[in-house]
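Open the model in a viewer and keep the sequence panel at hand. The stops below are given in the order in which to select them.

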Amino acid sequence: PSNGLVTSLAEITGIELVTSHSTFGNGEYFAIMRGGGTIYLIQISISTTYSISMTEFDYSNHPELANVGGIEYDHTNDILYGYAFDDSNSGGGQTAQPGQPMQPGDPPLAYVITIDPSNGEVAKYTEIEDVEGIADGASAYDGASYYLKVRNSGGGYSMAKIDVSDFSISMSSVLSSTNEDLTSPSGFEVNVVTGIIYGYAWD
């Protein structure tokens, strides 16, 4: 960060699409990528060898779900938080990319999920109600709460705050009620000491 120097550490082979979904904690870097038509959870352990693993997402317990996005790593419990869509009633269509619902069709149901990084197993929890979409790159985790920027069904945007102890969700419309000259906030990262989320937005 002091001079912008980019250093190659290891090659991730067989990848044809890199998404905007990634997270880091306690020496472990995770990202969602696609290779050979398969969507993988990439895990890179930051050590002298930079070991790389590619794990396919396992939806066997929830086959109605697809397109995991917004991953955030809880290194204390070695679990990833995220969201996924139930596209079974969306009328079909083509997948844009991981983390996005099928298009066209009715807005699919969105759920808070966890992913076990050891085997890619996806577990479904609370439905994120009354939303039409979830923004890429607009997630954060502070050790107790998981945050997402969502597009409301009636218009405008909200911040969803998910308590990871019971996966209850509270919504704040602050994204659409203050700084009205700014739109599309994203790129979220949280200061775990102050609880402030940083990002960017457009004027």
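Begin with the second largest pocket: select strand 1 (17–25), strand 5 (65–74), strand 11 (131–141) and strand 15 (183–190), each of which supplies at least two residues of its lining. The model is predicted. Colour strand 1 separately, as this strand gives the most to the lining, with four residues. The pocket encloses about 150 Å³ of space. Its lining has 13 residues, and to find the centre, show Thr23, Phe24, Glu72, Tyr141 and Glu189, the closest ones to it. By residue class, the lining comprises six nonpolar, five polar and two charged residues.

Stay with Thr23, which is part of strand 1. Is this residue buried or exposed? Thr23 has a relative accessibility of 7% and so counts as buried, the cut-off being under 20%. Add Tyr73 to the selection: a polar atom of the Thr23 side chain lies 3.0 Å from the backbone nitrogen of Tyr73.

Next, select Thr76, in the loop between strand 5 and strand 6. Thr76 counts as exposed, at 65% relative accessibility. Draw a distance from its C-alpha to that of Gly25: the two atoms are separated by 9.3 Å, while the residues are 51 apart along the chain.

Now turn to the aromatic residues. The structure holds seven aromatic pairs. For one of them, select Tyr81 and Tyr146, whose ring centres are 6.3 Å apart; their planes stand at 35°, so the pair is tilted. Tyr81 belongs to strand 6 (residues 79–86) and Tyr146 to strand 12 (residues 145–152), so the pair ties together parts that are 65 residues apart in sequence. Both residues can be checked on a surface display: Tyr81 is buried, at 5% relative accessible area, and Tyr146 is also buried, at 0%.

The next pair to show is Tyr125 and Phe167, which is stacked, with 4.0 Å between centres and 15° between planes. Which parts does this pair tie together? Tyr125 sits in strand 10 (residues 122–128) and Phe167 in the loop between strand 13 (157–163) and strand 14 (168–172), so the parts joined are 42 residues apart in sequence. On the surface, Tyr125 is partly exposed, with a relative accessible area of 38%, whereas Phe167 is buried, at 11%.

Keep these four residues on display and add Tyr141: Tyr81, Tyr125, Tyr141, Tyr146 and Phe167 form one aromatic cluster. Tyr141 has already appeared on this tour, among the lining residues closest to the centre of the second largest pocket.

Two lysines come next. Select Lys124 with Tyr111: the lysine lies over the face of the ring, 4.4 Å from the ring centre. Then select Lys149 with Tyr157, where the lysine again lies over the ring face, at 4.3 Å from the ring centre.

For the last stop, select Thr194, in the loop between strand 15 and strand 16 (197–202). Show Ile196 as well: its backbone nitrogen lies 3.2 Å from a polar atom of the Thr194 side chain. Finally, add Asp142 and draw the C-alpha to C-alpha distance from Thr194, which is 9.7 Å for residues 52 apart in sequence.

Notes:
Residues numbered from 1 in each chain as written. Predicted model: local features only at pLDDT ≥ 70, side-chain atom pairs only at ≥ 80, totals over all residues. Heavy atoms only, no water. Phe/Tyr/Trp six-rings, centres within 6.5 Å; stacked < 30°, edge-to-face > 60°. Buried < 20%, exposed > 50% of the residue type's maximum accessible area, 1.4 Å probe, protein only. Lys NZ or Arg CZ within 6 Å of the ring centre and 35° of its normal. 1 Å grid on protein atoms, 1.4 Å probe; cavity = no way out; pocket = protein on both sides within 12 Å on 5 of 7 lines; lining within 4 Å. Points joined across faces, edges and corners; volume = space filled by probe spheres on them. Nonpolar A, V, L, I, M, F, W, Y, C, P; charged D, E, K, R; others polar. Polar contact = N/O pair within 3.5 Å; in protein donor to acceptor, adjacent residues only side chain to side chain.
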